[in-house]
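Hi everyone, thanks for making time. I'd like to walk you through one model today, so let me put it up on the screen.

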Amino acid sequence: MPENEACEGAVAALRRQFDRIGELLRELGDGRWWPDDHAGDEDAATVLLHTHRIEDSVQEIARIVAAMKD
């Protein structure tokens, strides 16, 4: 069924992004940016901007999932 394929594709895409975010969090090392171990303050604002975009997207996905359950 094409509908199921679309849902499976969406779930697979979410899993890939989840894995990528996990990898990025490990690389960030609590705000220490390698290789010289200084705090990455100048880039923190950009990361925070995109973090808010991710948050908005996750909230929208949660809304869609909740609607599908109804």
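I'll go from the overall layout to the surface, then a pocket, then one pair of charged side chains.

First, a caveat: what you're looking at is a predicted model. Okay, the layout. The protein has 2 helices and 2 strands, and if you read along the sequence you get α-β-β-α. Helix H1 covers 2-28, and helix H2 covers 41-69.

Now, how much of this protein is buried? Of its 70 residues, just 3% count as buried. The accessible surface adds up to about 6,400 Å², and carbon and sulfur atoms own 59% of that.

Let's stay on the surface for a moment. There's a nonpolar patch of about 350 Å², and the residues making it are Ile21, Leu25, Ile54 and Val58. Which elements give two or more residues to that patch? Those are helix H1 and helix H2. Take Leu25 as an example, sitting in helix H1. Leu25 counts as exposed because its relative accessibility is 56%, and the cut-off for exposed is over 50%.

On to the pocket I wanted to show you, the second largest one. Its space is about 200 Å³. Again, H1 and H2 are the elements that give two or more residues to its lining. Going round the lining, you meet Leu14, Gln17, Phe18 and Ile21, and then Ile54, Ser57, Val58 and Ile61. You may recognise some names: Ile21, Ile54 and Val58 line this pocket, and they also help make the nonpolar patch. What classes of residue do we have in that lining? There are 6 nonpolar residues and 2 polar ones, with no charged residues.

So where do charges pair up? The structure holds 1 salt bridge, and that's where the side chains of Glu60 and Arg63 meet, at 2.6 Å from N to O. Both partners are in helix H2, 3 residues apart, which is about one turn of the helix.

Are those two buried or exposed? Neither label applies, because the band between 20% and 50% is called partly exposed. Glu60 comes out at 37% relative accessibility, so it's partly exposed. Arg63 has a relative accessible area of 47%, so Arg63 is partly exposed too.

To recap: an α-β-β-α pattern, a nonpolar patch with residues from H1 and H2, a pocket lined with no charged residues, and 1 salt bridge. That's my bit, thanks for listening.

Notes. Residues numbered from 1 in each chain as written. Predicted model: local features only at pLDDT ≥ 70, side-chain atom pairs only at ≥ 80, totals over all residues. Heavy atoms only, no water. Helix = DSSP H or I, 4+ residues; strand = E, 2+ residues; numbered from the N terminus. Buried < 20%, exposed > 50% of the residue type's maximum accessible area, 1.4 Å probe, protein only. Areas by Shrake-Rupley, 256 points an atom, 1.4 Å probe, with all protein chains shown as cover. Patch = residues over 30% accessible without salt bridge, like charges linked within 9 Å, V, L, I, M, F, W, Y side chains within 5 Å. Salt bridge = Lys/Arg side-chain N within 4 Å of Asp/Glu carboxyl O. 1 Å grid on protein atoms, 1.4 Å probe; cavity = no way out; pocket = protein on both sides within 12 Å on 5 of 7 lines; lining within 4 Å. Points joined across faces, edges and corners; volume = space filled by probe spheres on them. Nonpolar A, V, L, I, M, F, W, Y, C, P; charged D, E, K, R; others polar.
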